[in-house]
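Work through the exercises below with the sequence and the structure open. Each task is followed by a stepwise solution.

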Amino acid sequence: MIDPITAFATAQAAVAGIQKAIKLGKDINGLVSEFGRFFDARDVVQKAANDAGKSGKSDTGRAMEIVMQANALRFAEEALKHQLVYGGYPELWEMMLKERMKIKQAREKAERAAAAERKKVVAQRLLMAQIVGGAICIVIIGTIIIFIVKQAVS
């Protein structure tokens with residue numbers, strides 16, 4: 001995973017490339033990789049901004065830098081949206097948003113399923129440890145009782 005500073009630079013370069021290509025009249029379908037680079041980099045910066053805000057870092061300057069970059073990329077995304085919508089491709093933006101939502105929901109569902117499976121495995125291991133521990137206790141108590149009974153009989 002790339003660091004937020006590099007991701008921000010990548011996103012800015014992608015936006016500049018997209019804007020230049022649109023101004024030159026390049027077909028929007030040929031800009032798929034640039035859009036992909038922008039959104040990938042934006043996600044890295046946004047994740048870093050979210051993590052910086054939650055972690056309570058003492059390095060306020062770094063946190064502020066990441067948050068400001070995330071904000072700048074939000075504005076850049078809005079500018080790209082306007083270029084697409086007003087450039088004659090409003091359905092493309094809407095389709096991208098719908099597809100992004102489907103992908104996000106599928107990823108979150110898979111993450112929830114994986115977390116539930118991990119919890120299930122942990123619970124099974126804990127139960128097995130309790131059963132084994134209980135069996136060991138029964139064997140020890142049984143051995144002690146047998147030893148006491150033999151001592152009492154003799």
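## Exercise 1: A charged network

Arg42, Asp43, Glu77 and Arg100 are linked in a network of salt bridges. The model is a predicted one.

**Task.** Take the contact between arginine 100 and glutamate 77, then state its distance and the helices that hold the two residues.

**Solution.**
1. Start with the atoms. The side chains of arginine 100 and glutamate 77 form a salt bridge, at 3.5 Å from N to O.
2. Apply the cut-off. A salt bridge needs the nitrogen within 4 Å of the carboxyl oxygen. The 3.5 Å pair qualifies.
3. Place the residues. Arginine 100 belongs to helix H4 and glutamate 77 to helix H3 (residues 60–86), so the bridge ties together parts 23 residues apart in sequence.
4. Check the surroundings. Glutamate 77 is buried, because its relative accessible area is 10%. Arginine 100 is partly exposed, at 32% relative accessibility.

## Exercise 2: Pairs within one helix

**Task.** The structure holds six salt bridges. Examine two of them, glutamate 99 with lysine 102 and arginine 107 with glutamate 111.

**Solution.**
1. Recall the principle. Side chains of opposite charge can pair when their charged atoms come close.
2. Read the first distance. Glutamate 99 and lysine 102 meet at 3.4 Å, N to O.
3. Read the spacing. These two are three residues apart in helix H4, so about one helical turn separates glutamate 99 from lysine 102.
4. Compare exposure. Glutamate 99 is partly exposed at 39%, whereas lysine 102 is exposed at 52%. The boundary for exposed is over 50%.
5. Turn to the second pair. Arginine 107 and glutamate 111 form a salt bridge at 3.4 Å, N to O.
6. Read the spacing again. Both lie in helix H4, four residues apart, about one turn of the helix.
7. Classify the partners. Arginine 107 is partly exposed at 42%. Glutamate 111 is partly exposed at 43%.

## Exercise 3: The largest pocket

**Task.** What volume does the largest pocket have, and which residues lie nearest its centre?

**Solution.**
1. Recall the probe. Rolling a probe the size of a water molecule over the atoms shows where empty space is left.
2. Give the volume. The largest pocket holds about 630 Å³ of space.
3. Look at the lining. Of its 15 residues, Arg42, Asp43, Arg100, Lys104 and Arg107 lie nearest the centre.
4. Assign the elements. Helix H2 (32–55) and H4 are the elements that give two or more residues to this lining. H2 gives the most, with eight.
5. Sort by character. The lining has seven charged, six nonpolar and two polar residues.
6. Link back to the network. Arg42, Asp43 and Arg100 are among its members, and they are also among the residues nearest the pocket's centre.

## Exercise 4: The second largest pocket

**Task.** How many nonpolar, polar and charged residues line the second largest pocket?

**Solution.**
1. Give the volume. The second largest pocket has about 260 Å³.
2. List the lining. Its residues are Ile28, Asn29, Val32, Phe35, Gly36, Phe39, Asp40, Leu84, Leu92, Trp93 and Met96.
3. Assign the elements. H2 and H4 are the elements giving two or more residues here. H2 gives the most, with five.
4. Sort by character. Eight are nonpolar, two polar and one charged.

## Exercise 5: A nonpolar patch on the surface

**Task.** Which residues form the nonpolar surface patch, and what accessible area do they have together?

**Solution.**
1. List the members. They are Leu127, Met128, Ile131, Val132, Ile136, Ile140, Ile144, Phe147 and Ile148.
2. Give the area. Together they have about 880 Å² of accessible area.
3. Take one member. Leucine 127 sits in helix H4 (residues 90–153). At 48% relative accessible area, leucine 127 is partly exposed.

## Exercise 6: Two C-alpha distances

**Task.** Set separation along the chain beside separation in space for arginine 125 with aspartate 40 and for glutamine 46 with leucine 73.

**Solution.**
1. Take arginine 125 and aspartate 40. They are 85 residues apart along the chain, with 38 Å between their C-alpha atoms.
2. Place arginine 125. This residue is in helix H4 and exposed, at 62%.
3. Take glutamine 46 and leucine 73. They are 27 residues apart in sequence and 8.8 Å apart, C-alpha to C-alpha.
4. Place glutamine 46. This residue lies in helix H2 and is partly exposed, at 33%.

How values were computed:
Residues are numbered from 1 along each chain as its sequence is written. This is a predicted model: local features need pLDDT of at least 70, side-chain atom pairs count only at pLDDT 80 or more; totals for chains, interfaces and linings use all residues. Side-chain values use heavy atoms; hydrogens and water are left out. Patches are made of residues with over 30% relative accessible area and no salt bridge: like charges are joined within 9 Å, nonpolar side chains (Val, Leu, Ile, Met, Phe, Trp, Tyr) within 5 Å. Accessible areas come from the Shrake-Rupley method with a 1.4 Å probe; for residues, only the protein chains shown count as cover. Buried means under 20% relative accessible area, exposed over 50%, partly exposed in between (1.4 Å probe, protein chains only). On a 1 Å grid over the protein atoms alone, a cavity is a set of points where a 1.4 Å probe fits but cannot get out, and a pocket is an open set with protein on both sides within 12 Å along at least five of seven lines; lining residues have an atom within 4 Å of a point. Grid points are joined across faces, edges and corners, and a volume is the space filled by probe spheres set on the points. Ala, Val, Leu, Ile, Met, Phe, Trp, Tyr, Cys and Pro count as nonpolar, Asp, Glu, Lys and Arg as charged, and the others, Gly among them, as polar.
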